[in-house]
Amino acid sequence: MTGAVSPDRRRFLTAGAAVLGAAASAQLWLPGTARAAETPLPDGVFSLGVASGDPLPDGIVLWTRLAPDPLNGGGMPDAVVPVQWELAEDERFRKVVRRGTAHAQPAYGHSVHVDVRGLRADRAYWYRFRTGGQLSGTGRTRTAPARHSSGGHLRVALASCQNWQHGYFTPYADMLAQDPDVVLFVGDYIYESTPSATAVRRHEGTGEPYSLIQYRNRYAQYRTDPDLAAMHASAPFVVTFDDHEVDNDFAGEIPQDPDKQPHDAFVARLTAAYQAYYEHMPVRASAVPDGPHIRMYRRLEFGRLARLNVLDTRQFRSDQATSQAGAQDPSLTMLGADQKQWLLDGLRESPARWNLIASQIMMAETDLQIGEGKLWFYDAWDGYQVERNAFLEEFKSVRNPVVLTGDRHLTMISDLKEDYANPDSAVVGAEFVGTSISSNGDQDQAAFRKEWDPRMPDNPHWKLLDAHRGYHLLDIDRDGIDAQVRIVDTVVKPQATPSTLARLRVEAGRPGVRLL
């Protein structure tokens, strides 16, 4: 994949109305008899926009959800609705290469997931949907490089943690201008918190979501953010979830507050949350939930340049430790036996130059104790010391491992060490913990520095620590990864000024990261 912006791409980026609006000429898409046969539908069925995801060398997932009344269950009739789709090599759809009809079912919130195959590797495509005489906005996507291609360049945007109530999703406006090949979103796409009268933007509803309709409404509200919608329509996303898509700090089938959420009730909540997640994400049918279970860990290949291992660090984990002794219990697992073995096999057998791991939670150590002793953050990999340390040991024989993380609402970029108990132990990899899109809002920077700077001497592996909102932009080629920490000056207003806070580099064959 290339990071350069082509002339066609520039036209697409500047045509904001085309991203979310419909082209009048598309009335010629279908013959009149086909249009007349469509079910009469309310206006505005494509209110949630379009998206694509999980690129393969020959395929891509196209997504939309029909929702004329998005914050009130969707507003669709209780019927299966045929939705026409087409994919072209040009944004004017003069060179259509694939088209077909999907069926939006009430059981899945009238969401549409089209797994298009037979495409050319490493090239841009444009796509759109139509039903009931209504046309969606145009989306742009891109396939992955050919399976055995060894060179090239990949631009990845790392994002996480977008709390509607804490601010507008203004970092996406800058991300759109930076033209990433793929967006990696590593968790907290929605927040399950109750509406707040003092929030920058108020959550819909009257409380936390528990039912399927409530989760649908929450996702639909987030999808109406214009910057997020435009970014979805501009590049494929690779997604995974963390805790707030369900319940803060849950682990497996254990809620944050078991005394208030009995097991059966929480299983029902998981079932609703996972289904709503699937309905709103551009993922393949392998992610269709089975009750309170969903398969989200998976592997994507970007030629021989990069292998991306996408983890699920919530569904199979042991309950969080509450003490240092508990965190060192060898029986605790973050991934579960099957996923752990899958990841180990994928790292050991990888032909890729770069082995990327999308982990919702931080792998590098966070020692919160100033001075002697250690105090760990137990909801991260620090709470699962034995399993984490085994992976760090494994990294010594893995080619260029880099962990890409969210959760912390901070930029925390670190060397990964073989043994954090020994400051002189070998560096075995690098980790980029991306800051949040909006969570924590416009943070008091002076207060943040006062709290966190004293901890830097106890965490010498930290290379950069910051509390601005934004995302990370990673340019990957065979020789290295050039990273930018992109930030915005505010998320409490609909527009913001972006800038580059810092630049860093990871050299191929030299574990660790350095600040430029």
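The legends below describe one overall view and several close-up views of a predicted model.

Residues are numbered from 1 along each chain as its sequence is written, and side-chain values use heavy atoms, with hydrogens and water left out. Because the model is predicted, local features need pLDDT of at least 70 and side-chain atom pairs count only at pLDDT 80 or more, while totals for chains, interfaces and linings use all residues.

**Figure 1. Overall view of the chain, with its 11 helices and 22 strands.** Helices (H or I, at least four residues) and strands (E, at least two) are DSSP runs, numbered from the N terminus. The radius of gyration, taken over C-alpha atoms, is 22 Å, close to the 24 Å that the globule rule gives for 516 residues, so the chain is as compact as a globular protein of that length; the globule rule is 2.2 Å times the number of residues to the power 0.38. Along its principal axes the C-alpha trace spans about 75 × 55 × 45 Å. Of the 516 residues, 59% count as buried, where buried means under 20% relative accessible area, exposed means over 50%, and partly exposed lies in between (1.4 Å probe, protein chains only). Where two residues at least 6 apart in sequence are in contact, which is to say that they have heavy atoms within 4.5 Å, 70% of such contacts join residues at least 24 apart.

**Figure 2. Surface and charges of the chain.** The accessible surface comes to about 18,900 Å², and 51% of that area belongs to carbon and sulfur atoms; the areas come from the Shrake-Rupley method with a 1.4 Å probe, and for residues only the protein chains shown count as cover. The chain carries 55 positive and 66 negative charges, whose mean positions are 8 Å apart. In this count Lys and Arg are positive and Asp and Glu negative, with His and the chain ends not counted, and each charge is placed at NZ of Lys, CZ of Arg, CG of Asp or CD of Glu.

**Figure 3. Close-up of helix α5 (residues 212-223) and the elements around it.** Helix α5 has 12 residues and reaches 16 Å from its first C-alpha to its last, close to the 16 Å expected at 1.5 Å a residue, the expected span being 1.5 Å times one less than the number of residues. The helix is mostly covered, with 9 of its 12 residues buried, among them Tyr215, Tyr219 and Tyr222 as well as Arg216, Arg218 and Arg223. These buried residues of α5 pack against strands β1 (50-53) and β2 (60-65) and against helices α6 (226-232) and α7 (263-280). Helix α7 is itself mostly covered, since 13 of its 18 residues are buried, and α7 reaches 26 Å from its first C-alpha to its last, close to the 26 Å expected.

**Figure 4. Close-up of helix α10 (residues 385-395) and its cover.** The buried residues of α10 are Gln385, Glu387, Arg388, Phe391, Leu392, Glu394 and Phe395. What covers them includes helices α8 (324-327) and α9 (336-348), together with strands β14 (354-359), β15 (401-405), β16 and β17.

**Figure 5. Close-up of arginine 408 and aspartate 419, two loop residues.** Arginine 408, in the loop between β15 and β16, is buried, with a relative accessible area of 11%. Leaving aside its neighbours within four places in sequence, arginine 408 is in contact with Met362, Thr366, Phe377, Val433 and Trp452. Aspartate 419 is found in the loop between β16 (411-417) and β17 (427-433) and is partly exposed, with a relative accessible area of 33%. Although aspartate 419 and glutamate 393 are 26 residues apart along the chain, their C-alpha atoms are separated by 8.2 Å.

**Figure 6. Close-up of phenylalanine 93 and aspartate 179, each with a positive phi.** Phenylalanine 93 has a phi of about 60 degrees although it is not a glycine; it lies in the loop between β3 (81-88) and β4 (96-104) and is buried at 9% relative accessible area. Aspartate 179, likewise not a glycine, has a phi of about 55 degrees, lies in the loop between α4 (171-178) and β10 (182-185), and is buried at 4%.

**Figure 7. Close-up of glycine 152 and glycine 167 in their loops.** Glycine 152, in the loop between β8 (139-142) and β9 (154-159), counts as exposed at 53% relative accessibility. Glycine 167, in the loop between β9 and α4, is buried, with a relative accessible area of 0%, and, neighbours within four places in sequence aside, is in contact with Val200, Arg201, Ser438 and Val491.
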